[in-house]
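Biologist: Can you walk me through this one? I'd like the short version, one topic at a time.

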Amino acid sequence: MDENRSETRHPAAPAHAAPTGAPAPAGAPASPAPAGAPAKKSQRKWVVLSILLLLLIAAGIALFLWLTSPDPNRDGMLPDANARVGSLSGDFEDLDKIVDEGMLTFSINVTPSFPDGASPGNLMIENAEINNNRFTCAIYRKDNGEKIYQSGYLDPGQYIESAPLEADLEPGEYPCTAYFETYKLSDNAPIGQAAAEITVYVQG
């Protein structure tokens with residue numbers, strides 16, 4: 001019970017019983033019920049129920065649209081925090097402008113360099129504007145299979161100029177493989193994978 005809510009009680013008025021055996025006044029007409037009162041209450045009840053039903057239907061439709069609409073963030077895919085709009089590789093006028101979803105044009109620095117294991121390096125990853133898909137990029141060391149970098153998704157016409165690694169590597173040279181996982185723009189359905197051999201340099 002809400003402690004702040006006050007309740008006021010009034011004593012119930014005693015019922016007055018008619019004297020036993022007292023006859024009702026002869027010829028006294030009974031008070032008729034107001035005409036149409038039950039019908040009006042019934043109409044108001046149906047109006048309220050109809051409004052509630054419409055609200056439930058609208059909420060159901062909104063929930064259905066939210067669940068069925070493609071949303072990369074809800075599907076566990078997030079845009080890359082370092083993504084920029086534009087191009088690193090110049091003009092694509094010499095390439096076929098009609099690129100199938102199963103095709104992928106990408107670029108990445110095959111010799112990215114990092115000042116140390118925690119600082120950003122010049123990865124130069126680009127999803128070309130002519131692509132019809134989004135992709136993510138993951139970099140794995142070839143010696144032990146450790147994943148040292150994972151991007152968010154890049155849409156066509158976006159690029160990552162620099163980003164830090166996920167692993168704090170010691171100074172050295174690390175042969176790696178960069179894997180590009182591609183997804184449809186319409187519903188994030190997986191399409192395929194591409195790969196590139198790179199060498200990661202950590203200066204100190």
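Modeller: We'll take the sheet, then some single residues, then a surface patch. Keep in mind that this is a predicted model.

Biologist: Sheet first. What is the strand order?

Modeller: The order is 3-9-8-5-6. It is an open sheet of five strands, and the pairing is mixed.

Biologist: Which strands stand at the edges?

Modeller: Strand 3 (113–114) and strand 6 (147–150). Each has a single partner strand, so one side of each is left without a neighbour in the sheet.

Biologist: How do strands pair in general, again?

Modeller: Through backbone hydrogen bonds, either parallel or antiparallel.

Biologist: Take strand 3, then. How many bridges join it to strand 9?

Modeller: Two, and strands 3 and 9 run parallel. Strand 9 covers residues 190–202. Phenylalanine 114 stands opposite valine 202 of strand 9.

Biologist: And strands 5 and 6, parallel or antiparallel?

Modeller: Antiparallel, over three bridges. Alanine 138 has glutamine 150 in strand 6 as its bridge partner.

Biologist: What links strands 5 and 6?

Modeller: They form a hairpin, with five residues between them. Glycine 145 sits in that turn and has a positive phi of about 75 degrees.

Biologist: New topic. Where is cysteine 176, and is it buried or exposed?

Modeller: Cysteine 176 is in strand 8 (residues 172–184). It is buried, because its relative accessible area is 0% and buried means under 20%.

Biologist: What is cysteine 176 in contact with, beyond its sequence neighbours?

Modeller: Leaving aside residues within four places in sequence, the contacts include Ile139, Tyr140, Arg141 and Lys142. Ile148, Ala196, Glu197, Ile198 and Val200 are also among them.

Biologist: How far apart are cysteine 176 and glutamate 197?

Modeller: In sequence, 21 residues. In space, 6.1 Å, C-alpha to C-alpha.

Biologist: Now asparagine 131. Where does it sit?

Modeller: In the loop between strand 4 (125–127) and strand 5 (133–141). Asparagine 131 is buried, at 3% relative accessible area.

Biologist: Which side chain does asparagine 131 make a polar contact with?

Modeller: That of asparagine 127, at 2.6 Å.

Biologist: Last one, the surface. Which residues make the nonpolar patch?

Modeller: Trp46, Val47, Val48, Leu49, Ile51, Leu52 and Leu55. The patch is about 700 Å².

Biologist: Pick leucine 49. Which element is it in, and what is its relative accessible area?

Modeller: Leucine 49 is in helix 1 (residues 37–68). Its relative accessible area is 38%, so it counts as partly exposed.

Definitions and conventions: Residues numbered from 1 in each chain as written. Predicted model: local features only at pLDDT ≥ 70, side-chain atom pairs only at ≥ 80, totals over all residues. Heavy atoms only, no water. Pairing = 2+ DSSP bridges. Helix = DSSP H or I, 4+ residues; strand = E, 2+ residues; numbered from the N terminus. Buried < 20%, exposed > 50% of the residue type's maximum accessible area, 1.4 Å probe, protein only. Polar contact = N/O pair within 3.5 Å; in protein donor to acceptor, adjacent residues only side chain to side chain. Contact = heavy atoms within 4.5 Å. Patch = residues over 30% accessible without salt bridge, like charges linked within 9 Å, V, L, I, M, F, W, Y side chains within 5 Å. Areas by Shrake-Rupley, 256 points an atom, 1.4 Å probe, with all protein chains shown as cover. Salt bridge = Lys/Arg side-chain N within 4 Å of Asp/Glu carboxyl O.
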